[in-house]
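Hi everyone, thanks for coming. Let's put the structure up on the screen, and then I'll walk you through a few spots I picked out.

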Amino acid sequence: MVILTCKLAGLMALLSRRLSPYLPSGLTIVLLALSAPALAAPSQFYVSPDGDDANPGTIGQPFETIDRARLAVRGRLVAGITEDIWVYLRGGVYRIETPITFDALDSAPPGLFVHYAAYEDERPVISGGRLIDGWTDHGDGSWSTTVPGVTTGDWTFRELFVNGKRRQRARHPNSGFLQVAGPNPAVGENTRSTFSFAPGDLPTGTDLAGAEINMLHEWSTSRVPVANVDQVARTLTTAQPLGATPTVHSIFQTSDHPRYAVENHAALLDAPGEWFLDKTNGELTYHAMPGEFASTAEVVAPIAKELLVARGDFSDGTPVRNLRFVNLSFEHSAWALPPDGYATWQSGYYEPRGLSPYELPAAVKFEVAEGCELLRTRVAHCGGWGVMLGAWCRNCSLVGSIVTDIAGNGVLVGEDRYRQANDNAQWVINHWEQVAYNNLVSSNVIQDCGVVFQGCVGLWIGLTDNSKIRNNLIRRIPYIGISAGGFWDERESPARELLIMDNRIHDIVQLMSDGGALYTVGLQPLSAIRGNLISGVPSAPGLAQNTGVFVDEGSTGFTILDNGIFDVDDALFKFHYAGANSLISNTMRLSSPGAEPYYFQPADEDNITRTGNVIIDPSSPPPGCEYPVCGEADSAGLLAEHTAWIYFDRDGDGVADFEDACVERRPGDVSGDGDINGLDIAEMVRVLTGDVSDSDNYCAADTDGNGTVNPADADVFLQSLLQP
């Protein structure tokens with residue numbers, strides 16, 4: 001057909017030239033137009049960090065910015081399309097300082113999509129960070145540089161990443177937490193701004209004014225500035241109250257010795273990997289880790305608070321529709337401490353303290369969105385939250401992705417009850433049309449969240465209807481793994497028909513108290529928690545127990561069935577002011593003989609219907625029962641079609657799966673930056689010499705895949721490094 005068309009066009013052109021002296025000019029023009037091959041409007045655009053926005057956006061002449069491609073797509077949408085549009089991003093880093101923003105005008109029509117995708121196997125990274133260079137190596141392990149914009153107040157930052165790793169602001173103690181010695185005798189126990197510390201706990205020679213205290217309150221946290229430290233009286237006083245007013249009336253109400261650490265002061269800069277930014281002169285000082293070099297290190301600090309925002313029109317509900325983001329990485333987002341400090345009541349939600357309701361910014365955020373998708377996306381190194389499918393999101397999804405190294409909550413679905421709606425002070429029942437509906441979070445790795453705000457969770461579900469949370473791997477979280485619910489009582493709300501199914505949740509509530517691998521609150525009729533495999537929940541360091549499944553205040557309407565729970569130090573289920581719920585055919589292995597599987601505190605046991613549940617005494621497991629829970633929840637974890645993108649076949653069994661354990665790495669990518677290059681040499685040396693114990697580093701250093709790192713791996717690594 002193409003050949004025939006070309007021949008016909010050639011014939012028409014020939015006729016036009018031969019007959020033009022004898023034809024009216026208008027007819028000649030028509031013949032020439034018919035002879036010219038039709039130039040179809042492009043359905044593909046290309047973007048590259050080395051491109052130019054003045055280019056036409058072809059593969060040979062790509063745009064430079066994603067926003068320029070978005071405008072080109074918008075032009076095609078206005079003209080009308082009958083097929084999907086693809087924007088291909090070439091590999092490399094796209095540095096932004098304001099978010100890439102989409103609105104209703106960027107929507108694809110029904111049945112079609114606009115795709116923003118990585119080109120082939122290349123790795124595009126959208127980074128909200130600036131590179132910091134100009135380092136002076138002082139020869140004692142410390143480097144320094146002057147950061148532009150700091151002294152003028154144009155830029156400051158709370159996060160720093162060196163060679164792809166988060167580094168700690170100057171902190172005391174260097175690991176773990178101190179414990180408050182007791183109340184300040186001068187003010188009594190009912191205090192939120194002063195306390196006594198033990199002799200030798202805090203460094204002498206400074207009052208630490210301007211530093212930041214991070215205090216843990218059972219299930220919530222505070223971060224407020226330090227006013228001063230009195231070494232004679234051994235008291236620390238904060239500039240603002242510690243703890244959220246609705247929940248913390250005294251820092252001693254749940255513990256006589258709450259835990260705390262102090263950060264961000266020059267006097268605390270005393271360990272490798274720590275840094276301090278002096279706002280008076282703009283000097284950034286960093287104490288290098290072994291194997292890091294000032295001449296080659298990539299140092300990044302974030303400036304953009306959000307990286308991707310897709311938001312429709314709140315005023316009339318017109319959504320942004322049918323956008324799909326595939327195989328993209330989003331890294332380095334910022335967050336700034338509010339003027340009166342930061343204190344939460346639960347799950348990272350901030351006490352307004354007289355200001356407007358406030359929440360941490362999400363690096364990737366969808367609101368008033370319909371049919372939008374994130375597929376095989378990597379979101380990492382965030383100063384606030386990771387991914388949010390928020391208010392008025394319908395039929396949106398996060399699938400086959402990795403969310404890791406997040407300061408606060410990893411993934412959020414729905415919204416909290418305090419959004420202002422139509423000038424009301426908080427979310428109200430008659431705004432059901434705005435609730436997040438029928439969203440999907442499936443087959444994602446959500447890990448290492450709450451690394452700065454330890455009271456945050458892996459996956460938070462608020463006011464949402466008919467959402468599905470399934471086949472995710474959630475791990476290494478200081479507080480709750482999955483938290484679900486909007487209101488704290490049995491009042492009617494749009495939270496309903498939630499499905500939490502086949503998730504693998506382990507190593508949860510590693511730091512806080514009064515939590516669980518899976519947590520619910522409020523009335524949520526027709527909801528189910530099914531087929532999840534839960535483990536690795538230690539005893540609480542505070543007064544309130546940590547559990548496998550925590551059914552908290554007002555939780556009503558759940559069917560909890562076919563779950564497997566083991567390696568939980570305290571009770572496997574906890575019920576606290578819970579309503580009517582059903583437990584069916586769950587299999588639980590007790591941590592020790594005689595341990596209690598259920599804890600009611602307080603709750604009416606008659607509200608909890610229990611049918612066919614199996615409780616395994618570890619001293620006498622049932623005959624033929626496979627460890628740990630007799631094969632229960634055998635479908636829990638990532639779906640096979642997505643694991644190949646997330647994992648590499650490290651154990652050589654032909655399947656890239658959870659057993660391979662090396663997340664986000666390929667053999668040789670020891671630094672974790674996505675490439676095998678010079679940055680990996682120092683990390684490889686550190687692993688070989690035993691100076692690093694990070695499991696991902698170790699896994700990637702095991703280049704021959706035999707399970708151990710030895711000099712033979714160095715040979716394989718060098719071959720990979722030298723390959724063109």
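**A walk through the model**

Let's begin with one side chain: leaving out residues up to four places away in sequence, Arg74 touches Asp103, Leu105 and Asp106. You'll find Arg74 in helix 3, which covers residues 66-79. Is Arg74 buried or exposed? Arg74 counts as buried, because its relative accessibility is 19% and the cut-off for buried is under 20%. Now take one of those partners, Asp106: it sits 32 residues from Arg74 along the chain, yet the two C-alpha atoms are separated by 5.7 Å.

Before I go on, please keep in mind that this is a predicted model.

Okay, let's zoom out. How many helices and strands does the protein have? The secondary structure comes to 7 helices and 57 strands. There are 724 residues in the protein, and 56% of them count as buried. The accessible surface of the protein is about 29000 Å², with 53% of that belonging to carbon and sulfur atoms. And here's one about contacts: if you take those with a separation of 6 or more, 74% are between residues 24 or more positions apart.

Next up, the sheets. A quick reminder for anyone new: strands of a sheet pair through backbone hydrogen bonds, and they do it either parallel or antiparallel.

One open sheet has 12 strands, in the order 3-6-25-31-34-38-42-45-48-51-54-57, and its pairing is parallel. Which strands stand at the edges? They are strand 3 (92-95) and strand 57 (614-616); each has a single partner strand, so one side of each is left without a neighbour in the sheet. If you look at the strand 57 end, strand 54 (residues 587-589) runs parallel to strand 57 and is joined to it by 3 bridges. One pair to click on there is Thr587 with its bridge partner in strand 57, Val614.

There's another open sheet, made of 8 strands in the order 7-21-10-11-19-20-9-8, and here the pairing is mixed. The edge strands of this one are strand 7 (129-131) and strand 8 (136-137), each pairing on one side only. Further in, strand 11 (residues 165-169) and strand 19 (residues 274-278) run parallel, with 2 bridges between them. Arg169, for example, has Trp275 of strand 19 as its bridge partner.

Now let me show you a strand I like, strand 15, residues 212-217. How many of its residues are buried? The count is 6 of 6, so to speak a mostly covered strand. Glu212, Asn214 and Leu216 point one way, Ile213, Met215 and His217 point the other way, and all are buried.

Strand 15 also has partners. With strand 16 (residues 220-230) it runs antiparallel, joined by 6 bridges, and Met215 has Ser222 as its bridge partner in strand 16. Strands 15 and 16 form a hairpin with 2 residues between them, and Glu218 in that turn has a positive phi of about 60°. Strand 18 (residues 259-263) is antiparallel to strand 15 too, with 4 bridges joining them. In that pairing, Asn214 goes with Ala261 of strand 18.

Let's hop over to a loop. Thr377 is found between strand 30 (373-375) and strand 31 (378-382). Even though we're in a loop, Thr377 is buried, because its relative accessible area is 1%, and buried means under 20%. Who's around it? Setting aside neighbours within four places in sequence, Thr377 is in contact with Phe325, Leu328, Phe330, Gly400, Ser401, Ile402 and Trp645.

Last stop: a pair of helices. Two packed helices are described by the angle between their axes and the distance between the axes. For helix 5 (residues 679-688) and helix 7 (residues 711-722), the angle is about 175° and the axes are 11 Å apart. That makes helix 5 roughly antiparallel to helix 7, because the angle is over 145 degrees. Helix 5 makes the contact with Asp680, Ile681, Met684 and Leu688, while helix 7 uses Pro711, Asp713, Ala714, Phe717 and Leu721. Sorted by class, that contact has 7 nonpolar, no polar and 2 charged residues.

Helix 5 itself is mostly covered, with 7 of its 10 residues buried, including Leu679, Asp680 and Met684. And just after helix 5 comes Gly690, with a positive phi of about 80°.

That's my tour, thanks for listening!

Notes. Residues are numbered from 1 along each chain as its sequence is written. This is a predicted model: local features need pLDDT of at least 70, side-chain atom pairs count only at pLDDT 80 or more; totals for chains, interfaces and linings use all residues. Side-chain values use heavy atoms; hydrogens and water are left out. Axes are lines fitted to C-alpha atoms, for helices over the stretch in contact, and angles run from 0 to 180 degrees between N-to-C directions. Angles under 35 degrees count as roughly parallel, over 145 as roughly antiparallel, 65 to 115 as roughly perpendicular and the rest as oblique. Contact means heavy atoms within 4.5 Å. Ala, Val, Leu, Ile, Met, Phe, Trp, Tyr, Cys and Pro count as nonpolar, Asp, Glu, Lys and Arg as charged, and the others, Gly among them, as polar. Two strands pair if DSSP finds at least two bridges between them. Buried means under 20% relative accessible area, exposed over 50%, partly exposed in between (1.4 Å probe, protein chains only). Accessible areas come from the Shrake-Rupley method with a 1.4 Å probe; for residues, only the protein chains shown count as cover.
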